Amino acid sequence: MANSVKVMKRKELEAYLQDVEVFENPKVKLEQYPTTPHIAACMLHTICCTYDDLTDKSVVDLGVGCGVLSIGATMLGARYVLGVDIDEDALDTCSRNLQDFEIHTVDLLAADVRHLANPLNCHLHKRFDTAVLNPPFGTKHNQGIDIEFLKAALALSRHCVYSLHKTSTREHILKKASDWGVEAKVIAELRFDLANTLKFHKKTAVDIEVDFIRLQHKTDGRTV
Amino acid sequence: MKLLTHNMLTSSVIKGVTKGFPLKIVASKVEVREVDYNEPFIIKTLSKVDWPALHQAANEVGYGEDLPIELGEDFQKDETLLRKIHNALLQVDIIEGELVCPESGRKFPISNGIPNMLLSEHEVSS
C-alpha cells in the first residue's frame, strides 16, 4: 500500500470498502452481521482524522470477520494490523479480501478472543497502539461477550479502543469502563440496518441503535 | 504469519503449560513480501519485541543469519540493521507449517498464512 500524505476522503474510503466481500453464510451463534462500508468508513475516518489513532499505528481488530475494518484501517495508514476471529470460514473470506486489495500488512489469527485478556497471554498485552472492533452485541444467547471483547481489546492496546455497542447497553458499558479505570466516551450514535443478514430477523429490515464508543487508557505509553 | 505476530503468541492458556513461549516454528512454505519501511515504526515496535524469541524464530525459518544474538544499545542508529529487522518482523511470511508448544508439544497448524490457535474447552486451564 502506497504512503499517502493526505488522508483519503471518507466517501472515497467507503467506495473502496464496497468491494469487501461479506459473509457467505452468516452464523447466528456468532452474531455475524457485517460492518457496512458506510459505518466502517465513518468509524475509521473519525479514528484517523479526529483522534489520529491509525496513521503509522499498530492496530488489533478483534472479531475481524471479513476484514472491512482492518482493510480500511490499512488504507488510512495503519502499519500493521492483527485480525483475530474464532471462525475459520470468516478468516478465509478475509484472507481473500486482503489478497484482492493487495494488502500485506494485515496478519490473521484463528483464536478465541475470550482467552486473550487472560494474564497468561501477556506477550500479546500492550502490543498495539489501537484496538478496533465490532463485537457481538451479547444480547442474544451469549450475554456478556461484548464485555469480554472489550476487556481483551483493553488488554492488547496501549492507547485506545474503538468499539460498537447497542445503545440499550450504554449505561452498562460506561459503568464497566469506570470500574476498569479507563475513560469512555460515546462518539456517535449510529443506526445499523441488519436487513435480514441473520435469519432470526423476521422483518425485512431491522434498524438497531448502536453507540460508537471510544475507550482510552488513563496512563498510556504513547511515544509518537 | 509474520514473525512480529509470532512474537506475541503463546500456548500458555493450555492446562499444565506455564510459559508456552516462544512457540517453535516448523515451516514448510515461507514467502517474503515487500512492505514499506518506516524507521520510527520499527523502533517503536522493537521496544515491545522479545528479541531472543525473534532471533530464534528468524533462524528457524532461515532468515536469522543477519540478526545479532543480542540487540546492542546503538541499534536505533544502524539503518542497515533496522532494515534487516524490518524484513524479519514484517516481510518474512510463514504460509504453511506449524507452531509447536515448547512444553506440551501441542501443534498449531499454519495454513494459508493463518495460525490456528483454537483450543477445545478441555485443553484450556480455568
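**Fold, cavities and backbone oddities of a two-chain model**

Buried residues make up 56% of the 224 residues in chain A. The model is a predicted one, and every figure here comes out of a calculation on its coordinates. As for secondary structure, chain A has six helices and seven strands. Going along the sequence, these come in the order α-α-β-α-β-α-β-β-α-β-α-β-β. Take the contacts in chain A between residues at least 6 apart in sequence, and 73% of them turn out to join residues at least 24 apart. On the outside, chain A exposes about 9,900 Å², with carbon and sulfur atoms supplying 50% of that area.

Chain B gets by with four helices and four strands, and its pattern along the sequence reads α-β-α-α-α-β-β-β. Of its 126 residues, 52% count as buried. The contact picture for chain B, again for pairs at least 6 apart in sequence, gives 66% joining residues at least 24 apart. The accessible surface of chain B comes to about 5,900 Å², and carbon and sulfur atoms own 47% of it. How does the radius of gyration of chain B sit with that of a compact globule? For 126 residues the globule rule puts the value near 14 Å, and chain B has 15 Å, so the two agree. Along the principal axes, the C-alpha atoms of chain B fill a box of roughly 50 × 30 × 20 Å.

Next comes the empty space. The structure holds two cavities of 30 Å³ or more. The largest cavity has a volume of about 140 Å³. It is lined by 15 residues, and those closest to its centre are Ala111(A), Leu116(A), Asn121(A), Thr10(B) and Met117(B), a list that draws on both chains. Sorted by class, the lining of the largest cavity has ten nonpolar, four polar and one charged residues.

The second largest cavity holds about 80 Å³ of space. From chain A, its lining takes Ser58(A), Tyr80(A), Arg127(A) and Arg158(A); from chain B come Leu4(B), Met8(B), Phe41(B), Lys44(B), Thr45(B) and Lys48(B). Which element gives the most to the lining of the second largest cavity? That is helix α2 (residues 39-46) of chain B, with three residues. By class, the second largest cavity is lined by four nonpolar, two polar and four charged residues.

Moving on to open space, the largest pocket has a volume of about 590 Å³. Its lining runs to 32 residues, and Leu30(A), Gln32(A), Gly63(A), Asp85(A) and Pro136(A) lie nearest the centre of the pocket. Two helices of chain A, α3 (68-75) and α5 (145-156), each supply at least two residues of this lining. The class split for the largest pocket is 16 nonpolar, seven polar and nine charged.

A few backbone details stand out against the usual background. Most residues other than glycine have a negative phi, and most peptide bonds are trans. The peptide bond from Phe21(B) to Pro22(B), however, is cis, with omega near -10 degrees. Pro22(B) sits in the loop between α1 (3-6) and β1 (24-32) of chain B.

In chain A, Asp52(A) has a positive phi of about 50 degrees even though it is not a glycine. Its place is the loop between α2 (37-49) and β1 (58-62) of chain A. Is Asp52(A) buried or exposed? Neither quite fits: Asp52(A) counts as partly exposed because its relative accessibility is 42%, which falls between the 20% and 50% cut-offs. Glu102(A), likewise not a glycine, has a positive phi of about 55 degrees and lies in the loop between α4 (88-100) and β3 (106-110) of chain A. With a relative accessible area of 58%, Glu102(A) is over the 50% cut-off and therefore exposed.

Finally, a look at Arg10(A), which is found in helix α1 (residues 10-17) of chain A. A relative accessible area of 28% makes this residue partly exposed. Leaving aside residues up to four places away in sequence, Arg10(A) touches His38(A), Ala41(A), Cys42(A) and His45(A). Cys49(A) is 39 residues from Arg10(A) along the chain, and the C-alpha atoms of the two are separated by 10.0 Å.

Conventions:
Residues are numbered from 1 along each chain as its sequence is written. Chains are lettered from A and ligands numbered from 1 in the order in which they are written. This is a predicted model: local features need pLDDT of at least 70, side-chain atom pairs count only at pLDDT 80 or more; totals for chains, interfaces and linings use all residues. Side-chain values use heavy atoms; hydrogens and water are left out. On a 1 Å grid over the protein atoms alone, a cavity is a set of points where a 1.4 Å probe fits but cannot get out, and a pocket is an open set with protein on both sides within 12 Å along at least five of seven lines; lining residues have an atom within 4 Å of a point. Grid points are joined across faces, edges and corners, and a volume is the space filled by probe spheres set on the points. Ala, Val, Leu, Ile, Met, Phe, Trp, Tyr, Cys and Pro count as nonpolar, Asp, Glu, Lys and Arg as charged, and the others, Gly among them, as polar. Buried means under 20% relative accessible area, exposed over 50%, partly exposed in between (1.4 Å probe, protein chains only). The radius of gyration is taken over C-alpha atoms; the globule rule is 2.2 Å times the number of residues to the power 0.38. Contact means heavy atoms within 4.5 Å. Accessible areas come from the Shrake-Rupley method with a 1.4 Å probe; for residues, only the protein chains shown count as cover.
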